[in-house]
Amino acid sequence: MTTLDRDEAHAPAVPAAPVVAGRPLPLTVAAPMALAAGLALLVAFPPYGVWPLAPVGVALLAAAAHRRRLRAGAGLGFLTGLALFGPLLAWTNLHTGYLPWVLLSLLQAGYLALLGMATAWVSPLADRTRWAWPALTGLLWVGQEALRDRTPFGGFPWGRLAFSQDSSPLLRLAALGGAPLVTFAVALVGGLLVTAAWRGWTAVRAAPGDAAPARRWLPVAVPAAAAVALSAAGLLVPVAAAGDGAPVTVAIVQGNVPRLGLDFNAQRQAVLNNHVDATVELAARVASGEQRQPDLVVWPENSSDIDPLRNPAAGDRISQAADAIRAPILVGAVLLGPGPGEVRNAGVLWQPGTGPDLTQVYAKRHPVPFAEYVPLRNVARMVSDKVDLIRSDFVAGSTPGVVRAGSTVLGDVICFEVAYDEVVRDTVTGGAQLLVVQTNNATFNVAEARQQLAMVRLRAVEHGRPALMASTVGVSGFVAPDGRVSDATGFNTREVVVRQLRLDGGTTLATRLGWWPEVALAGLAAVALVGAAVLRRRQRVMPG
C-alpha cells in the first residue's frame, strides 16, 4: 500500500460526481492530475517552450492537493516533482551515469512535496475566501522557490516557473520584480484557472434547475477571464529598448570541442586551439573587410582549461589570438590555486600586446556542488566513487563579476550562476552595461543549453541590459534588453557571431528593488501558513 493509499484509506468514499463541498477530489483522479501537472510544467520549458502550460500545471497540482491531508498533499506534490524534474534534468545523466540524475531529481521533487503539503494546509483559507485561492497559490510557489534556490549547499534554481516564460508576455514583469514576480504571476494565473474550474464544476452541478444559468456561470467566467487578462497584461509593461550610447561591436567565439562528454578536459589543448584558430580566422575576415572590427571578443567557460597565467605556451596562444584580432578577449580559464589542490573557474581579460590584465579577473562565486567541488567528500564517496573524478575543488570568488574592457563594463557570470538572482544583479549595481554568460555545455545537451538561454533572456529584461551567452559548443547568441534573441548558434558546431550593440546605464525597477519582491512574497506565504494554522485551530474548537 502506498503512502497516498494509507493516508486516504480511512476517508469516507467520495462519489465521482458531483463534488461534495469540504471533500477533496477522489484520489483516483488526484494522482493522475498530479502527474499531468508535472508533465504540463515540463513541456512549458525549453526545448518544448509551450509556456501557457505552466499555469495549467500549477492549477492541476493545486486542485489535486486541495483539502487533502498533509501526507497526501506531500505525496501528490512529489509525483508532480518527479514528472517535472526527472525529464527536465535528464541531461545530467548523459556522461555521469544515472545516480547523480536520480538523486538530484528526487531532491528537487522533495521541494514540490513541501509545496503540495503547504497547498493542503492552506485549503481552509481558500475555502473560506475562494477569491484568495489564486493569491495563495502564487505566494506558495514563490516561497517554495525561495527555499529551493538556496538549500542545500546554495540551492539549485533550475526549473523555476519564471524560466519557462521566455516567450510569454509575462516575461516583461521581470523588469518590475525579477524572476520572483514572474513566478508569482504564472502561479497566480494557475490559481485563477483552478478557481474557475473548481467553482464551475461544483456550482453548475449543484443547482441544475436554477432559473438564472448565466449567473451560475459567473464563478467560472470571472476567474477565467481574469487569468487571460493577467497573461495579456504583461504586454503593457514597458521594457528597455536598445541603448543610446556609443556603438560597441562584440564577437562571440564558439570554438567547439573534439568530442562531447566529460573527457573534454582531456582535450584541453585542442579546445584552446579551436578558440584561438576561430579567432585568428575572424581576424582574417576583418582584415579583408568581410567582417566588422570587434571592440571585444568573448570566449566561453573552459575555453582554456590550461592555466594561461602559469603555462607560457597556453598564454602565448591566447596572446596570438588577441594580437591578431586587435581587441581584448574575455577568456574562460581554469586557474590553479590559491591553495594546493584548489582551482578557480574564472573570466580573464586578455589584452592585445600586453596579455592578461590581472586587475580584470572574475572568479566564479557560486561553484556547483558535486560538479565543481565535493562537500562532505568522504560521505559522498559512500554513495558514488564518481566524486573522485573531481580531483581539485573549485574555490568560490568573493567579488561580483564586474569587468572593465576599455569603455565597456561587463557583468560576467559563469554557467549556472545565471540562475541566481543576486549573482547577476550584483554586476549591474556594480556598473555593468552588458551581461555576459560564459558557459560550457559540452557535458550536456541542446535542451540544457536552451533552458540556460531562457534564463539569459529573463536577465536581460530584468535589468534592461543587452546580454550574450558564449558556449563552447552552443547555444551561443545575443539577447536584446526586451528579451529577443539574435544570432543564435547551433549545437556542437564551431561558429563565430559578431554584433554591434548600443549600451545604456539605465536602471529597471527590478534592479533597484533587488530581493525585496521575493522577501515580501515569501513573507506573505509564511503569513498564509500561520493564518491557516489559526483557522484550523478555530475549526477544531468550534462546537459541532
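This briefing covers charged side chains, one pair of packed helices and some unusual backbone geometry in the structure above. The model is predicted. The count comes to 17 salt bridges, and a few of them are described below. Asp-305 has no salt bridge although it is buried.

**Salt bridges**

- Side chains of opposite charge can pair when their charged atoms come close.
- Asp-127 and Arg-67 form a salt bridge through their side chains, with an N to O distance of 2.9 Å. Asp-127 sits in helix H6 (residues 123-128) and Arg-67 in the loop between helix H3 (53-65) and helix H4 (70-88), so the bridge ties together parts that are 60 residues apart in sequence.
- The two partners differ in burial class: Asp-127 is partly exposed, at a relative accessible area of 30%, whereas Arg-67 is buried, at 15%. Arg-67 counts as buried because its value falls under the 20% cut-off.
- Asp-149 and Arg-160 also form a salt bridge, and their closest N and O atoms are 3.2 Å apart. Both residues belong to the loop between helix H7 (133-148) and helix H8 (174-206), so this pair ties together parts that are eleven residues apart in sequence.
- Asp-149 is buried, with a relative accessible area of 7%, and Arg-160 is buried as well, with 1%.
- Asp-149 and Arg-160 are also members of a network of salt bridges, in which they are linked with Glu-145, Asp-421, Arg-459 and Glu-462.
- A further salt bridge is made by the side chains of Glu-372 and Lys-364, at 2.9 Å from N to O. Glu-372 is buried, with 9% relative accessibility, and Lys-364 is buried, with 1%.

**A buried acid without a salt bridge**

- Where is Asp-305 placed? Asp-305 is in the loop between strand E2 (296-298) and helix H12 (312-325).
- Arg-268 has the nearest side chain of opposite charge to Asp-305, and it is 6.3 Å away. A salt bridge requires the nitrogen and the carboxyl oxygen to be within 4 Å, so Asp-305 and Arg-268 do not form one.
- The side chain of Asp-305 does make a polar contact of 2.7 Å with the side chain of Asn-302.
- Asn-302 is found in the loop between E2 and H12. Asn-302 counts as buried, at 10% relative accessibility.

**Two packed helices**

- Two packed helices are described by the angle between their axes and the distance between the axes.
- The axis of helix H11 (residues 268-287) comes within 8 Å of the axis of H12, and the two cross at roughly 15°. That makes H11 roughly parallel to H12, because angles under 35 degrees are placed in that class.
- The crossing of H11 and H12 is left-handed.

**Unusual backbone geometry**

- Most residues other than glycine have a negative phi, and most peptide bonds are trans.
- Which two residues have a positive phi although they are not glycine? Arg-67 has a phi of about 70°, and Asn-302 has a phi near 65°.
- Arg-67 lies in the loop between H3 and H4, and its side chain is the one that meets Asp-127 in a salt bridge. Asn-302 is the partner of Asp-305 in the polar contact of 2.7 Å.
- The peptide bond joining Pro-46 and Pro-47 is cis, with omega about 10°. Pro-47 lies in the loop between helix H2 (27-44) and H3.
- A cis peptide bond also runs from Gly-337 to Pro-338, where omega is near 15°. Pro-338 is in the loop between strand E3 (329-336) and strand E4 (342-351).

**A buried leucine**

- Leu-458 is placed in helix H15 (residues 446-463). Is Leu-458 buried or exposed? Leu-458 is buried, with a relative accessible area of 0%.
- Leu-458 and Asp-482 are 24 residues apart along the chain, and their C-alpha atoms are separated by 8.9 Å.

Methods
Residues numbered from 1 in each chain as written. Predicted model: local features only at pLDDT ≥ 70, side-chain atom pairs only at ≥ 80, totals over all residues. Heavy atoms only, no water. Helix = DSSP H or I, 4+ residues; strand = E, 2+ residues; numbered from the N terminus. Buried < 20%, exposed > 50% of the residue type's maximum accessible area, 1.4 Å probe, protein only. Lys, Arg positive; Asp, Glu negative; His and termini not counted. Polar contact = N/O pair within 3.5 Å; in protein donor to acceptor, adjacent residues only side chain to side chain. Axes fitted to C-alpha atoms, helices over the stretch in contact; angles between N-to-C directions. Parallel < 35°, antiparallel > 145°, perpendicular 65-115°, else oblique. Left-handed = near helix turned anticlockwise from the far one by under 90°.
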